[in-house]
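This report is meant for a reader who has not met this structure before. It goes from the chain as a whole to its cores, a few single residues and one pocket.

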Amino acid sequence: MTDDGTGLMTIGALARTTGLTVRTIRYWSDEGALPPVTRSAGGYRLYDAESVARLELIRTLRELGLGLDAVRRVLAGETTVAQVAAAHVSALDAQIGSLRVTRAVLSTVARRGSTAEEMTLMNKLARLSTAERRRIIEDFMADVFAGIDTADPDIRARLRFAAADLPDDPTSEQVDAWVELAELIQDPEFRRTMRRMVEFNAADRGPDVPAGSSLWFVSRLVRLAGDALREGVAPDSPRAAGILRALIGDADPAVVLERLTAVTNLRLARYRELSAIVNGVEPPSAHEEQFRWVVAALGARTAG
């Protein structure tokens, strides 16, 4: 306090009252956030009790990460604390999202032992805009289905869902999965594998075949092969031949074997797993045992 009875405080007294440093208060004062009430005859800044309350507000806003420009606008009545807080929340959300992407990329680089070039590519894929990510997905879908009009519509719908985009607030695991998924669906060899699978599906469908028939076949395969596994039926046994007839009818076992081999591709299984992570759902069962049994049974009928 000064000793002139005015109740005004020097910057040193204000610092002692608030616990802030003289340097900090002087900086905020110089920036216009805390103008002095007046100056002493010697030119020293003087502050009053209202300055203490104003200083506490400045400190709180600064601790919450607001810049001095925003602080000045609040103190000048140009905006409200609520409005500034809402804008700051949006900025923090964007910053948190960016940090998640950074963490996911660095975690992937560390796990893979990636080169600088690979890290650059992963970082680029992770930071694509929503529109850019969707262009990658649409390009993948167009390449896989181009000119194939008779494929089961359910296959197209499921594949589009699986070619997932990141949610608005992704986890590090989802960002990591998206980077790998984006690499996979841009790989020409993987696209050829997926197209071959769609071509196989389209070749089996006539104009009157209802949508969902492909999924019905898979469900029947899982059920029949699952029963065979539980009952210990050997894939090369006569009983297995009867199960296959119930599953594929008069179809050529060699053709069915080729098509099932495409469907059970390891990279396709990884595609499904990554898609589930990005979509935030449980990975679907690949029914590997059931498919292996059917593949072995078909192989026994085509050997030699």
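Helices here are DSSP runs of H or I with at least four residues, numbered from the N terminus. By that rule, Arg 59 lies in helix 3, which covers residues 49–63. The model is a predicted one.

**The chain as a whole**

The secondary structure of the protein chain amounts to 15 helices and 3 strands. The chain has 304 residues, and buried residues make up 37% of them. Among the contacts in the chain with a separation of 6 or more, 67% are between residues 24 or more positions apart.

**Around Arg 59 and Trp 28**

Two polar contacts place the side chain of Arg 59. A polar atom of this side chain lies 3.0 Å from the backbone oxygen of Thr 18. The side chain of Arg 59 is also joined to that of Glu 56 by a polar contact of 2.9 Å. When neighbours within four places in sequence are left aside, Arg 59 is in contact with Thr 18, Gly 19, Leu 20 and Trp 28.

The last of these, Trp 28, lies in helix 2, residues 22–30. Is Trp 28 buried or exposed? Trp 28 counts as buried because its relative accessibility is 6%, and the cut-off for buried is under 20%. Beyond its neighbours within four places in sequence, Trp 28 is in contact with Leu 20, Ala 33, Leu 34, Leu 55, Ile 58, Arg 59, Arg 62 and Leu 68. Leu 68 is 40 residues from Trp 28 along the chain, and the C-alpha atoms of the two are separated by 8.1 Å.

**The nonpolar cores**

In soluble globular proteins, nonpolar side chains tend to be buried together. The largest nonpolar core in this model has 35 residues, and those with the most contacts inside it are Phe 140, Leu 159, Trp 178, Ile 185, Met 194 and Tyr 271. Two or more residues each come from helix 5 (81–112), helix 6 (116–126), helix 7 (130–145), helix 8 (153–162), helix 9 (172–185), helix 10 (188–203) and helix 14 (266–279). Helix 9 gives the largest share of this core, 8 residues.

Which residues does Met 194 touch, not counting those up to four places away in sequence? They are Phe 140, Val 144, Leu 159, Leu 268 and Tyr 271. A second, separate core has 22 residues, including Leu 20, Ile 25, Val 52 and Leu 61.

**Residues of helix 9 and helix 7**

Ala 182 lies in helix 9. Ala 182 is buried because its relative accessible area is 0%, against a cut-off of under 20%. Gln 174 has its place in helix 9. With a relative accessible area of 10%, Gln 174 is buried. Apart from neighbours within four places in sequence, Gln 174 is in contact with Leu 166, Pro 167, Asp 169, Ile 277, Val 278, Asn 279 and Gly 280.

Asp 139 lies in helix 7. Asp 139 is partly exposed, since its relative accessible area is 43% and partly exposed residues fall between the 20% and 50% cut-offs. The side chain of Asp 139 makes a polar contact of 2.9 Å with the side chain of Arg 191.

The table lists C-alpha separations for pairs of residues set apart along the chain.

| Pair | Apart along the chain | C-alpha separation |
|---|---|---|
| Trp 28 and Leu 68 | 40 residues | 8.1 Å |
| Ala 182 and Phe 140 | 42 residues | 9.7 Å |
| Asp 139 and Gln 186 | 47 residues | 8.7 Å |

**The second largest pocket**

The second largest pocket has a volume of about 390 Å³. Its lining consists of 20 residues, of which Gly 97, Pro 167, Asp 168, Asp 169 and Pro 170 lie nearest the centre. Two of these, Pro 167 and Asp 169, are also in contact with Gln 174.

How many nonpolar, polar and charged residues are in the lining of the second largest pocket? The lining divides into 9 nonpolar, 3 polar and 8 charged residues. Helix 5 and helix 7 each supply at least two residues of this lining, and the largest share, 7 residues, comes from helix 5. Both helices also give two or more residues to the largest nonpolar core.

Notes
Residues are numbered from 1 along each chain as its sequence is written. This is a predicted model: local features need pLDDT of at least 70, side-chain atom pairs count only at pLDDT 80 or more; totals for chains, interfaces and linings use all residues. Side-chain values use heavy atoms; hydrogens and water are left out. A nonpolar core is a set of buried Ala, Val, Leu, Ile, Met, Phe, Trp, Tyr and Cys residues joined through side-chain atoms within 4.5 Å. Buried means under 20% relative accessible area, exposed over 50%, partly exposed in between (1.4 Å probe, protein chains only). Contact means heavy atoms within 4.5 Å. A polar contact is a pair of N or O atoms within 3.5 Å; within protein, one must be able to donate a hydrogen and the other to accept it, and residues adjacent in sequence count only if both atoms are side-chain atoms. On a 1 Å grid over the protein atoms alone, a cavity is a set of points where a 1.4 Å probe fits but cannot get out, and a pocket is an open set with protein on both sides within 12 Å along at least five of seven lines; lining residues have an atom within 4 Å of a point. Grid points are joined across faces, edges and corners, and a volume is the space filled by probe spheres set on the points. Ala, Val, Leu, Ile, Met, Phe, Trp, Tyr, Cys and Pro count as nonpolar, Asp, Glu, Lys and Arg as charged, and the others, Gly among them, as polar.
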